[in-house]
Amino acid sequence: MNPSATASLSARLSAAPGEPRLLAGWNATGRPADLSDHLGRYGPAPVPAGRGRRTSVPLVEAVEAAGLTGRGGAGFPTARKLRAVAERRGRAVVVVNAMESEPASRKDRFLVAVAPHLVLDGAVLAAAAVGADTVHVCLPRDRTAQYQQLSAALDERRRARLDPVRLRLHALPHAYVSSESTSLVRWLNGGPARPQGSPPRTHERGVDRRPTLVDNAETLAHLALIARYGPDWYRQAGTPEEPGTTLVTVSGAVAAPGVLEAALGTPITTLLDRAAGPTDPLQAVLLGGFAGTWLPAARLDTPLARRDLAPLGAAPGAGVLVALPRAACGLGETARMLAYLAAHSARQCGPCHFGLPAVAEDFTTLATGRADPGLPARLRRRTGLLPDRGACRHPDGAARLAASALSVFADDVDHHLTHGPCPAAHQPPRIPVPPATPPETWR
């Protein structure tokens, strides 16, 4: 994404006035921050331990006190990941996951476009915390402009002799599962960008058989701010259980789709309003992306927080909200997403090789009104068999999407079974879905 492209996305800062957050620079200037802009706004990153002085609070402890969790989808506590790598023997490695393979998400590429040095600061600080001497930054190879921009940012830092560790930029194959942490490690070790399901875990033996920290780009940017301003400042936004802000990609039937920064715990309806509101009455919102969950319109007052969403079987995931109007066919939209997920599986284990294609085919049959009465029961049985059986969580996400669609669009299921496809099934798709074709290469 180049600067001119980023200008087409709306980005708003939701933190209290005067408080710097991830998009503070973009919010103030409307232009991507080069190194001079970045240092002028934030100043140098705290000097890591071993370079003349120590920060007042060790970074891992500060991140733990701040309550930072990963923003890549899983929401794992960041301090636990840092500590798990730091406690291993040997020189560690840090991997920045900027792949963002979720088709409905734009937050990480937007952040890298407008505040690259905040992400890189976080990676360098994380490297100091875990004892790493190398940072690998991973991008999909089909985003040439993004690669060039981040390469220029790395050149700025090298000329300024800013970083005590080596930073290397990589362009990887762009497949849905290539953003999984073990896929990145496997590719950096010379293999295919496919998930590696067997032990050892990445923090035990990852890149070059060394302890490896893999973190999402947004997560590292939050870490950079915690290192500067401390955990108490970080907790001024969000909820006591889930502090801080998060980036959210809002799209679909809203007037101003784009990337927003919001405090965790913000009601979903408020986020839709900040995207200038729905353009049509809504029947549901897809939360978390293609591996996420459909929420009916009646539940859109729910706060965007794991604690509040968990009873609904949902989670913030990758920070995606896709508004679906009443005039759309939720079953048809889901069928297209499932076909894409099936095509982009690694085909390394039974759930992805057999189960996911079968679920996608069944859902297409249902969406087109050609299903027999026993198909919904068969779909529920098959989706129940997918989770916790694969080499990665890819089939789990697909099963979650399918199951939520069967529940939220239950009336449509009955209509498609008894009367054929609904009128909306013949309308153009509302959610952009990439072609359901397998990746050309994994290497």
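**Exercise 1.** Leaving aside neighbours within four places in sequence, find what Ser-105 is in contact with, then work out whether Ser-105 is buried or exposed.

*Solution.* Remember that you're working with a predicted model.
- Step 1: skip the residues within four places of Ser-105 in sequence, and the contacts are Glu-100, Thr-249, Ala-318 and Val-320.
- Step 2: place the residue. Ser-105 sits in the loop between β1 (92-97) and α6 (107-114).
- Step 3: check accessibility. Buried means under 20% relative accessible area. Ser-105 comes in at 1%, so it counts as buried.

**Exercise 2.** Take β1 and say which strands it pairs with and how its two faces are covered.

*Solution.*
- Step 1: β1 runs parallel to strand β2 (residues 132-140), with six bridges between them. Asn-97 has Cys-138 as its bridge partner in β2.
- Step 2: β1 is also parallel to strand β4 (residues 212-216), joined by five bridges. Here Val-94 stands opposite Leu-213.
- Step 3: now the faces. In a regular strand, side chains alternate between the two faces of the sheet. One side of β1 has Ala-92, Val-94 and Val-96, the other has Val-93, Val-95 and Asn-97, and all are buried. That fits the tally of six buried residues out of six.

**Exercise 3.** Describe the largest cavity: its volume, its lining and the helix that gives the most to that lining.

*Solution.*
- Step 1: the volume is about 30 Å³.
- Step 2: the lining is made up of Val-96, Ala-98, Val-112, Pro-116, Val-119, Leu-120, Val-137 and Leu-150.
- Step 3: sort them, and you get eight nonpolar, no polar and no charged.
- Step 4: helix α7 (residues 116-130) gives the most, with three residues.

Methods: Residues are numbered from 1 along each chain as its sequence is written. This is a predicted model: local features need pLDDT of at least 70, side-chain atom pairs count only at pLDDT 80 or more; totals for chains, interfaces and linings use all residues. Side-chain values use heavy atoms; hydrogens and water are left out. On a 1 Å grid over the protein atoms alone, a cavity is a set of points where a 1.4 Å probe fits but cannot get out, and a pocket is an open set with protein on both sides within 12 Å along at least five of seven lines; lining residues have an atom within 4 Å of a point. Grid points are joined across faces, edges and corners, and a volume is the space filled by probe spheres set on the points. Helices (H or I, at least four residues) and strands (E, at least two) are DSSP runs, numbered from the N terminus. Ala, Val, Leu, Ile, Met, Phe, Trp, Tyr, Cys and Pro count as nonpolar, Asp, Glu, Lys and Arg as charged, and the others, Gly among them, as polar. Buried means under 20% relative accessible area, exposed over 50%, partly exposed in between (1.4 Å probe, protein chains only). Contact means heavy atoms within 4.5 Å. Two strands pair if DSSP finds at least two bridges between them.
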